[in-house]
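I opened this notebook to record what surrounds the bound ligands. The entries follow the order in which I looked things up.

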Amino acid sequence: MTQKVLLNSKEVNIILHRLACQLIEKHLDFKDTILVGIQPRGTFLAERLKEMLENEYQTPEIQLGYLDITFFRDDFRRTDKPLEANKTKINFIVENKKVIFIDDVLFTGRSIRAALTAIQSFGRPSEIELLVLIDRRFSRNLPIQPDYRGRQVDAINGEKVKVNWKENDDEDGVYLITN
Ligand SMILES: O=P(O)(O)OC[C@H]1O[C@H](OP(=O)(O)OP(=O)(O)O)[C@H](O)[C@@H]1O
Ligand SMILES: O=c1cc[nH]c(=O)[nH]1
């Protein structure tokens with residue numbers, strides 16, 4: 001297995017600041033906007049952006065939820081390994097709100113397709129946008145694209161892009177893993 005660094009921690013930090021500014025440009029004071037981190041790994045990015053927006057850009061407090069999509073995946077009956085669900089925590093009403101899904105990697109688009117179904121249990125948002133740190137280009141199985149992207153990456157089948165977060169993996173970084 002080989003592991004190549006695509007983004008180091010400094011580069012991740014610069015990109016996070018850009019994404020935070022792009023969010024402010026569109027959502028201003030986030031009055032009717034909700035961040036939703038896709039479980040499990042989108043939650044680290046969502047928490048980081050919330051903290052950055054509030055502490056470094058002085059936005060009012062932003063509502064943040066976590067959405068688990070395990071049982072909404074179109075392949076959940078096809079897997080041999082036991083499924084491990086994560087927690088969904090959405091303690092507010094999404095009806096008529098602007099929802100921003102946040103995930104670390106966009107690949108086939110199937111996770112986001114599942115998220116679009118899962119969020120329906122919490123009401124009807126006025127709009128849903130998608131923010132991802134890594135957009136794996138030319139890999140989509142569905143017509144789903146990000147509204148905000150950190151970096152586009154070209155990777156071939158068999159390769160994997162792994163995003164590490166210091167809260168969980170010691171250091172921020174994005175790696176291309178080839179078997
Ligand atoms: O666009 P998609 O093809 O749905 O892939 C994107 C998803 O893959 C990863 O999750 P996870 O680790 O659960 O997926 P994996 O099994 O591909 O590693 C990542 O955190 C995204 O949620
Ligand atoms: O490269 C990929 C593809 C799907 N999910 C990831 O986290 N990385």
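I counted a residue as near a ligand if one of its heavy atoms lies within 4 Å of it. I note at the outset that this is a predicted model.

**Entry 1: ligand 2**

With that cut-off I listed the shell of ligand 2, which consists of Val105, Phe107, Arg136, Lys160 and Val161. I then asked how much of the ligand's own accessible area the protein covers. The protein covers 76% of the 240 Å² that ligand 2 has on its own. Sorting the shell by class gave me 3 nonpolar and 2 charged residues, with no polar ones.

I next looked up the polar contacts of ligand 2. The side chain of Arg136 places an N or O atom 2.6 Å from an oxygen atom of ligand 2. At Val161 the partner is a backbone N or O atom, 2.7 Å from an oxygen atom of the ligand. I also checked the site against the pockets, and the space that ligand 2 takes is the largest pocket.

**Entry 2: ligand 1**

For ligand 1, I listed Asp103, Asp104, Val105, Leu106, Phe107, Thr108, Gly109, Arg110, Ser111 and Lys160 as the surrounding residues. By class I recorded 3 nonpolar, 3 polar and 4 charged residues.

Which side chains and backbone atoms make polar contacts with oxygen atoms of ligand 1? I found a side-chain N or O atom of Lys160 at 2.4 Å, and a polar side-chain atom of Ser111 at 2.5 Å. Gly109 contributes a polar backbone atom at 2.8 Å from an oxygen atom of the ligand. Of the 500 Å² of accessible area that ligand 1 has on its own, the protein covers 67%.

The space taken by ligand 1 is likewise recorded as the largest pocket. I then asked which elements give two or more residues to this shell. They are strand S4 (98–106) and helix H3 (110–118). S4 gives the most, with 4 residues.

**Entry 3: Arg140**

I turned last to Arg140, which I located in the loop between strand S5 (127–136) and strand S6 (148–153). Its side chain reaches two backbone oxygens that I noted: that of Arg136 at 2.9 Å and that of Phe107 at 3.0 Å. Both Phe107 and Arg136 appear in the shell of ligand 2.

Setting aside neighbours within four places in sequence, I found Arg140 in contact with Leu106, Phe107, Thr108, Gly109, Asp135, Gln145 and Pro146. Leu106, Phe107, Thr108 and Gly109 are also among the residues I had listed around ligand 1.

Conventions. Residues numbered from 1 in each chain as written. Chains lettered and ligands numbered in written order. Predicted model: local features only at pLDDT ≥ 70, side-chain atom pairs only at ≥ 80, totals over all residues. Heavy atoms only, no water. Polar contact = N/O pair within 3.5 Å; in protein donor to acceptor, adjacent residues only side chain to side chain. Areas by Shrake-Rupley, 256 points an atom, 1.4 Å probe, with all protein chains shown as cover. 1 Å grid on protein atoms, 1.4 Å probe; cavity = no way out; pocket = protein on both sides within 12 Å on 5 of 7 lines; lining within 4 Å. Sits in = over half its atoms within 2 Å of the grid points. Nonpolar A, V, L, I, M, F, W, Y, C, P; charged D, E, K, R; others polar. Contact = heavy atoms within 4.5 Å.
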